Every structure is written in structure tokens, then in C-alpha cells.
Amino acid sequence: MKQRLLTPGPTPVPEETLLDLARPVFYHRSAEFRQVLAEVLADLQYVFCTKNPVLPLTSSGTGALEAAIVNCLPPGSKAICLIAGRFGERWRSLCKAFGIEAVSVTVPWGQSVQPEQLSRALADHPDALAVCTTLSETSTGAAHDIAAFGKITVSSRALLLVDAISGLCAMECRTDDWHIDVCVTGSQKALMLPPGLAFLSVSDKAWKAIDGNPGPRTFYFDLKKARAKLETPDTPYTPAHTLVRALRVSLKRIRAEGIENLWARQARTAAAARAGFQALGLEVFAKQPADGLTVVKMPPGIDSTELLTKLEKKYGMKLANGQDEIKGKVIRLAHMGYIDQFDMLTGIAGVELVLKEMGHPVEAGKGVAAAQRELARDM
């Protein structure tokens with residue numbers, strides 16, 4: 001049986017990128033690697049839509065989130081955390097771990113924090129040194145209006161720190177134009193690579209904060225060390241250099257399509273996924289949905305854990321369950337990176353079959369047809 005990975009991380013990797021990973025390991029302190037790294041970082045600036053330096057870290061995306069917090073914010077300072085799900089909560093947990101007061105602006109799972117809520121929080125806490133948020137809240141499929149957040153924070157002392165781990169390359173994200181001070185992503189989502197690398201774009205405003213931080217409580221994640229090595233370019237510690245080399249292949253794929261064309265394609269696929277699931281009577285969980293994944297509620301009497309187990313065992317499709325308080329209540333279908341519109345249609349077809357098997361009234365092909373009609377709308 002063919003296995004299909006349709007989760008919002010890790011995601012499938014293109015064949016040409018996998019083939020690059022099969023090449024012999026080479027030495028990381030070499031002119032060859034420095035050339036590869038320079039090319040990759042330049043392409044990442046294109047992907048991030050930034051002229052600022054992009055720093056590579058050998059870690060998961062969470063490592064880069066930690067680096068953002070510990071380098072930008074001294075102990076005892078204050079940050080506003082915009083929380084719409086598990087990954088908004090991760091910002092708060094990181095703040096608490098490093099002695100930073102976290103002011104929580106929380107909305108129910110499935111909703112998005114609104115710009116006016118951020119404005120009120122900044123008015124109430126003008127001493128906040130950062131606003132921490134997510135572009136795409138992977139646990140719920142909700143999107144945030146980062147452009148609006150940037151207009152609010154740009155004239156304040158607060159830095160805008162954005163977790164774009166499941167959003168970058170899956171939906172519009174204009175780091176410089178939106179006044180994002182630290183934008184973070186990971187390799188295993190829309191960048192079409194296995195887990196193991198994370199990247200941060202850092203603005204001048206953020207560098208001033210970092211340089212003014214008397215001594216970040218970190219060794220490995222010291223961004224000033226990473227910045228100093230960029231001049232070579234190199235990394236302060238051993239990088240996952242074979243992943244960096246393979247990323248060059250995936251980034252060329254992105255550049256060949258064009259970032260704005262990619263955003264438009266992802267938006268069409270996301271709209272089609274929502275239409276397909278809604279035709280099956282499934283409600284989209286997010287009120288303001290992101291384009292990299294679609295999260296839908298299960299109908300009464302259907303447990304998502306059981307449905308996903310059947311889907312994987314019988315049809316080889318791996319979708320994601322809900323997390324924490326919504327586990328067993330939703331399913332999460334990714335459509336980012338190397339997951340294209342036909343993979344999305346296959347995922348909806350599989351869900352149709354299992355729903356019917358579990359007793360939910362489903363008209364065969366109705367979900368797929370609705371998704372196809374949406375895809376054909378712009379043809």
C-alpha cells in the first residue's frame with residue numbers, strides 16, 4: 001500500500017531533495033559548504049521577503065523560538081503573548097522559562113486574536129518589550145493578521161516576534177513590509193525538508209535589543225555568535241550541513257515557481273479543501289483559517305482518533321489528530337509544500353470513505369466534487 005503523509009509537519013520531501021540527501025557526506029568547514037550556505041541564505045531572504053540577515057540554527061523550530069526570546073528579552077522584562085492555541089501557549093511557556101513576565105491575550109481555540117485586542121494590551125502594558133504571536137496556529141488552523149499587528153507594534157518599543165513555522169511559504173508573509181522583527185520558521189513544513197533546521201530573520205530594531213541585552217542566558221542559541229559567523233559565511237557550531245545542501249534544492253523549486261504564485265496556489269488549494277469538507281457536512285474549526293492546513297470538526301458520534309486510525313490502516317493516509325483539548329474532536333489535513341491539490345483531493349476522498357464506513361451519511365464523491373469545483377473556479 002502506498003503511504004501518503006498529509007500532516008502539517010513533517011511534510012513530504014520532493015524526490016530531487018531526497019536524492020541530494022543520499023549524496024556522500026562532505027566536510028562542513030570547507031569552501032564548498034560556505035558557498036552552499038551563502039546561496040541558501042540568499043534564497044531564504046527571498047522566501048522571508050526580507051533584506052535582513054537570516055540566521056540558520058541546527059534545531060527544531062522551537063529552538064529558534066527560544067533563541068528569539070532569550071536573545072531579545074532580558075530576565076524581568078515583559079512580553080505580550082497572543083494565544084489562540086498550543087503554539088501561542090508555547091511562546092508563553094518560553095517566556096516563563098526565562099524569567100520574563102508573560103501578559104496573555106487569549107482567545108478560544110479556533111478563533112484568532114484581533115488587532116484591537118493587541119492595541120488594548122499595548123495600551124495597558126506600554127513597558128512590554130515584545131509581542132509574541134503565530135502566523136498560522138498549527139493546532140487549530142487559524143491565521144493571524146500579522147500585517148495589522150505590525151502596524152500596531154512598529155511605533156512602539158515592543159518587538160514583533162512571529163512563529164511562522166507552519167505559515168512561511170504556505171501563505172503570504174512579508175517580513176519587512178509587515179514590520180516583523182523576528183520571524184521564525186522550521187525546515188519540516190513548507191520548506192520541503194526533513195526536520196532539523198530552523199531559521200530566524202532579524203530586523204535592525206531587534207538587533208538593537210539583542211545588542212543591548214547585557215548577557216543572554218544561552219550558549220548554543222547566542223544570535224550574536226551566529227551573526228558574527230555570517231560574515232564568512234559559516235556557523236558557530238557544527239550545522240546539519242547535509243540538510244542545508246538539500247535545502248538548496250527545495251529552495252530552487254520555490255524560486256522557480258515564484259513566491260507570490262506559490263501563495264496564490266496555496267490559497268486556492270486551501271479554499272478547495274474547505275469546500276470539500278464542508279460538502280461532507282464537516283465544519284471548519286478556524287473562524288479565520290490559514291492556508292497551510294485545514295482543520296475540521298468531527299460530526300456527532302465520530303471520534304477523530306478512530307477515524308484517523310482506520311484511514312491510515314486501510315488507505316495508507318496519515319492525517320493529524322487534534323491536540324490537547326480538541327484531541328478526538330478534529331482532523332487536520334495539510335496542504336503545504338510538496339503536498340499539492342491532488343494530494344488534498346486524495347485526502348478528502350479517504351475521509352469520505354471512512355466517514356461512510358463509520359455510519360456518517362455521505363454521498364460518495366460529494367466532497368471531492370466540491371473541492372474540484374473550487375479548484376476549477378480560477379481556470
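## Cavities, pockets and a helix pair

The second largest cavity has a volume of about 40 Å³. This volume comes from a predicted model. Lining the second largest cavity are Val 70, Leu 73, Pro 74, Pro 75, Phe 98, Asn 213, Gly 215, Pro 216 and Arg 217. By class, six of these lining residues are nonpolar, two are polar and one is charged.

The structure holds two cavities of 30 Å³ or more. The largest cavity contains about 130 Å³ of space. Its lining consists of 14 residues, and Pro 56, Leu 57, Thr 58, Thr 235 and Pro 236 are the closest to its centre. The elements that contribute two or more residues to this lining are α2 and β2 (54-57).

Two pockets are described next. The largest pocket has a volume of about 460 Å³. It is lined by 25 residues, of which Pro 12, Tyr 338, Ile 339, Asp 340 and Asp 343 are the closest to the centre. Two or more lining residues come from each of β1 (4-5), α1 (15-21), α9 (241-257) and α10 (259-279).

The second largest pocket has a volume of about 270 Å³. Among its 17 lining residues, Pro 8, Phe 87, Arg 90, Gln 188 and Lys 189 are the closest to the centre. Here the elements that give two or more residues are α3 (61-72) and α4 (86-97).

The table gives the residue classes of the linings.

| Space | Nonpolar | Polar | Charged |
|---|---|---|---|
| Largest pocket | 13 residues | four residues | eight residues |
| Second largest pocket | four residues | nine residues | four residues |
| Largest cavity | 10 residues | three residues | one residue |
| Second largest cavity | six residues | two residues | one residue |

Helix α2, which gives two or more residues to the lining of the largest cavity, also packs with α9. Helix α2 (residues 31-48) and α9 lie at an angle of about 40 degrees, and their axes are 9 Å apart. This angle makes α2 oblique to α9. The crossing of α2 past α9 is left-handed.

On the α2 side, the contact is made by Glu 32, Phe 33, Val 36, Leu 37, Glu 39, Val 40, Ala 42, Asp 43, Leu 44, Tyr 46 and Val 47. These meet His 241, Val 244, Arg 245, Leu 247, Arg 248, Leu 251, Lys 252, Ile 254 and Arg 255 in α9. The residues of this contact divide into 12 nonpolar, one polar and seven charged. Helix α9 also gives two or more residues to the lining of the largest pocket.

Note on methods: Residues are numbered from 1 along each chain as its sequence is written. This is a predicted model: local features need pLDDT of at least 70, side-chain atom pairs count only at pLDDT 80 or more; totals for chains, interfaces and linings use all residues. Side-chain values use heavy atoms; hydrogens and water are left out. On a 1 Å grid over the protein atoms alone, a cavity is a set of points where a 1.4 Å probe fits but cannot get out, and a pocket is an open set with protein on both sides within 12 Å along at least five of seven lines; lining residues have an atom within 4 Å of a point. Grid points are joined across faces, edges and corners, and a volume is the space filled by probe spheres set on the points. Helices (H or I, at least four residues) and strands (E, at least two) are DSSP runs, numbered from the N terminus. Ala, Val, Leu, Ile, Met, Phe, Trp, Tyr, Cys and Pro count as nonpolar, Asp, Glu, Lys and Arg as charged, and the others, Gly among them, as polar. Axes are lines fitted to C-alpha atoms, for helices over the stretch in contact, and angles run from 0 to 180 degrees between N-to-C directions. Angles under 35 degrees count as roughly parallel, over 145 as roughly antiparallel, 65 to 115 as roughly perpendicular and the rest as oblique. A crossing is left-handed if the near helix is turned anticlockwise from the far one by less than a right angle, and right-handed if clockwise. Contact means heavy atoms within 4.5 Å.
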